[in-house]
Amino acid sequence: MDKITDKGLVKNCSYIDGQWHTSDKRFSVTNPATGETIAQVANASVNDAEQAVIAAHKTFASWSGQTANHRAKLLRNWLNLIIEHQDDLARLLTLEQGKPLAEARGEIGYGAGFIEWFAEEAKRVYGETIPAASQDKRLLVLKQPVGVVSAITPWNFPNAMITRKAAAALAAGCTFIVKPAEMTPLSALALAELAERAGIPAGVFNVVVSDDAVNIGKVLTQHPQIAKFTFTGSTQVGKKLAAQCALGVKKVSLELGGNAPFIVFDDADIDAAVKGAIASKYRNAGQTCICTNRIFVQRNVVEKFTKQYSMAVAELAVGNGLDVDTQIGPLISSQAAEKVKQLVDSSVAQGANIALGGDFSNAGACFYQPTILTEVSNTMPVAQNEIFGPVSAIIPFDSEAEVIEAANDTEYGLAAYFYARDIGRIWRVSEGLAFGMVGVNDSAISNVAAPFGGVKQSGYGREGSRHGLDDYLVIKYLSMGI
Ligand SMILES: NC(=O)C1=CN([C@@H]2O[C@H](COP(=O)(O)OP(=O)(O)OC[C@H]3O[C@@H](n4cnc5c(N)ncnc54)[C@H](OP(=O)(O)O)[C@@H]3O)[C@@H](O)[C@H]2O)C=CC1
Ligand SMILES: O=C(O)CCCC(=O)O
């Protein structure tokens, strides 16, 4: 905290209707790299969450009544302040979440990119005219902001998962309340401080921090003044929250878990595949919903790929994200590290082979070694579950048809990747993979201009891109007699 230059960015209570709301009840925020408590944050109550909804509802008429250009101007102020404070925001993010500082800096830039994108995109919310079947009528379609939006966001991207939702909502004319994950509230509160400095009016952007996700979640999914709920997190919790929203028939978007296959065909550029797999697998120590989870390698290149891959993974530097050399930081908690260990151990008990790592790291209680398992089958725990840790599971395969079937044999459908050169194969596999996003000879697919989202139990709705505004708009049809 000492090295954060603008101390005003370090807030310790909820931001509701333009006010900072303190409370006697507090919860701790811990640095996962060291186990040290870095902040004591005021615990918001259910009543505070309700006040945030009421404020957002009261402000909706004035905010949605502004022009898209006016909203874009304020969003641009916010964006500029975020970029101006990128180093401080990155340090705060690493302190509470653990990812290497360079990745945290990247996240702040990525998160800010959504604000820039949607500030511009909302100027292009076009309606339609429809040819009428009779001469005395005119038919039109308007697109209007849905209303008050509530969001619950995860700890793995404490900044970008908020801006990706809030920027679209605010640009469209909605007002917004977010409850960030208990483990990473500080990045969310810093965003609120900068929103205030940017001149975004009270009640438009509200942050409720609490350790009581269940009860705050009930307000954010069931309050009658909320029109839309958006969630990023586990499939298990997403299902519960969608069911809560169903009671009030709220508009919902869900960005849930994944089980990404990464397929290396025998005609692939193996050097590129090794590089791509490392980037996708070990980003954020494996803790993203689009991280590679299963690496399928065609049998005649499996030895070559595994050798090159193991040599490169063995070089990854594990440590505190604040150290400039660190490439793999801690997992979010010791429980998360324990969960990864159990997935590895149970897969080894079923016949997987440890080619690298395979245990906790001595860097600290939340660290797990970069690990490679070979001789994995698609039915093992490490292939069936979202690992959310620095573990690669290598599964050999023989034919294209076989690997498409195995890759799709999961309840998830978020991201998939494959490396190949044959153009016919590239089309067949791209079309055959049942996933919302497919990287073809590319593993860095996240991009503000592209639609992010899944199929099957990975959720619905799209974030980023021109499609990302649709979730925050409703269509109104006008039939006009003249
Ligand atoms: N799609 C993705 O990006 C993510 C996927 N995951 C997956 O989920 C696993 C578990 O991670 P975890 O952090 O527990 O993910 P969760 O889905 O539990 O948490 C995500 C968010 O939901 C909140 N939440 C949890 N339970 C409820 C509830 N009953 N009502 C309302 N809000 C709730 C959390 O709050 P709080 O943290 O305050 O409890 C957090 O803000 C990971 O190992 C990973 O596999 C996790 C995070 C992100
Ligand atoms: O893990 C997530 O939920 C989002 C991944 C971040 C991204 O690449 O957009």
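**Ligand 2**

I started with the shell around ligand 2 and sorted its residues by class: four are nonpolar, four are polar and one is charged. I note here that the model is predicted. Next I listed the residues themselves. Around ligand 2 I found Asn 156, Phe 157, Thr 232, Glu 255, Thr 288, Cys 289, Ile 290, Ser 446 and Phe 452. I then checked which domains supply this shell. Domain 1 (7–257 + 457–481) gives at least three residues to the shell around ligand 2, and domain 2 (260–409 + 415–447) also gives at least three.

**Glu 255**

One residue of the ligand 2 shell, Glu 255, also appears in a record. The UniProt entry, which is unreviewed, lists Glu 255 under "active site". I looked up where Glu 255 sits and found it in strand 11. Is Glu 255 buried or exposed? I counted 28 other C-beta atoms within 10 Å of Glu 255, and 20 or more are needed to call a residue buried, so Glu 255 is buried.

**Ligand 1**

I moved on to ligand 1. How many residues surround ligand 1? There are 23, and the closest are Glu 182, Gly 217, Gly 233, Ser 234 and Cys 289. Helix 7 (213–222) and helix 8 are the elements that give two or more residues to this shell. By class, I recorded 12 nonpolar, seven polar and four charged residues around ligand 1. Where does ligand 1 lie with respect to the two domains? Domain 1 (7–257 + 457–481) and domain 2 (260–409 + 415–447) both contribute residues to its shell, so ligand 1 lies between them. I noted that Cys 289 is named among the closest residues of ligand 1 and is also listed around ligand 2.

**The seven-strand sheet**

I then turned to the sheets. Strands of a sheet pair through backbone hydrogen bonds, in either the parallel or the antiparallel sense. Seven strands form an open sheet in the order 14-15-16-13-12-17-18, and the pairing is mixed. Strand 14 (353–356) and strand 18 are the edge strands, as each pairs on one side only. On average, neighbouring strands of this sheet are turned by 25° against each other, with direction ignored.

I took strand 16 (residues 391–397) from this sheet for a closer look. It is mostly covered, with seven of its seven residues buried. Val 391, Ala 393, Ile 395 and Phe 397 point one way from strand 16, while Ser 392, Ile 394 and Pro 396 point the other way.

I checked both partners of strand 16. Strand 13 (residues 292–298) pairs with strand 16 in the parallel sense over four bridges. Within this pair, Phe 296 has Ile 395 as its bridge partner, and Gln 298 stands opposite Phe 397. Strand 15 (residues 371–374) also pairs with strand 16 in the parallel sense, over three bridges. Here the bridge partner of Ile 372 is Ser 392.

**The three-strand sheet**

A second open sheet has three strands in the order 5-6-20, and its pairing is antiparallel. Which strands are at the edges? They are strand 5 (128–130) and strand 20 (473–481), each of which pairs on one side only. From one strand to the next, the twist averages 25°. I followed the pairing of strand 5 with strand 6 (residues 137–145): the two run antiparallel and are joined by three bridges. Thr 129 stands opposite Leu 140 in strand 6.

**Positive phi values**

Last, I looked up residues other than glycine with a positive phi. Phi of Val 249 is near 50°. Val 249 is in the loop between helix 8 (235–246) and strand 11 (251–255). Strand 11 is also the strand that holds Glu 255. With 7 other C-beta atoms within 10 Å, Val 249 is exposed.

Asn 441 is another such residue, with phi near 55°. It lies in the loop between strand 18 (437–440) and strand 19 (459–460). Strand 18 is an edge strand of the seven-strand sheet. Is Asn 441 exposed, partly exposed or buried? I counted 15 other C-beta atoms within 10 Å of Asn 441, so I entered Asn 441 as partly exposed.

Conventions
Residues are numbered from 1 along each chain as its sequence is written. Chains are lettered from A and ligands numbered from 1 in the order in which they are written. This is a predicted model: local features need pLDDT of at least 70, side-chain atom pairs count only at pLDDT 80 or more; totals for chains, interfaces and linings use all residues. A residue is near a molecule or strand if its C-beta atom, placed from the backbone, lies within 6 Å of it. Ala, Val, Leu, Ile, Met, Phe, Trp, Tyr, Cys and Pro count as nonpolar, Asp, Glu, Lys and Arg as charged, and the others, Gly among them, as polar. Domain bounds come from an automatic or database domain assignment. A residue is buried if 20 or more other C-beta atoms lie within 10 Å of its own, exposed if 12 or fewer, and partly exposed in between; C-beta atoms are placed from the backbone. Two strands pair if DSSP finds at least two bridges between them. Axes are lines fitted to C-alpha atoms, for helices over the stretch in contact, and angles run from 0 to 180 degrees between N-to-C directions. UniProt positions are given in the numbering used here, feature names are shortened, and annotations may be inferred rather than shown by experiment.
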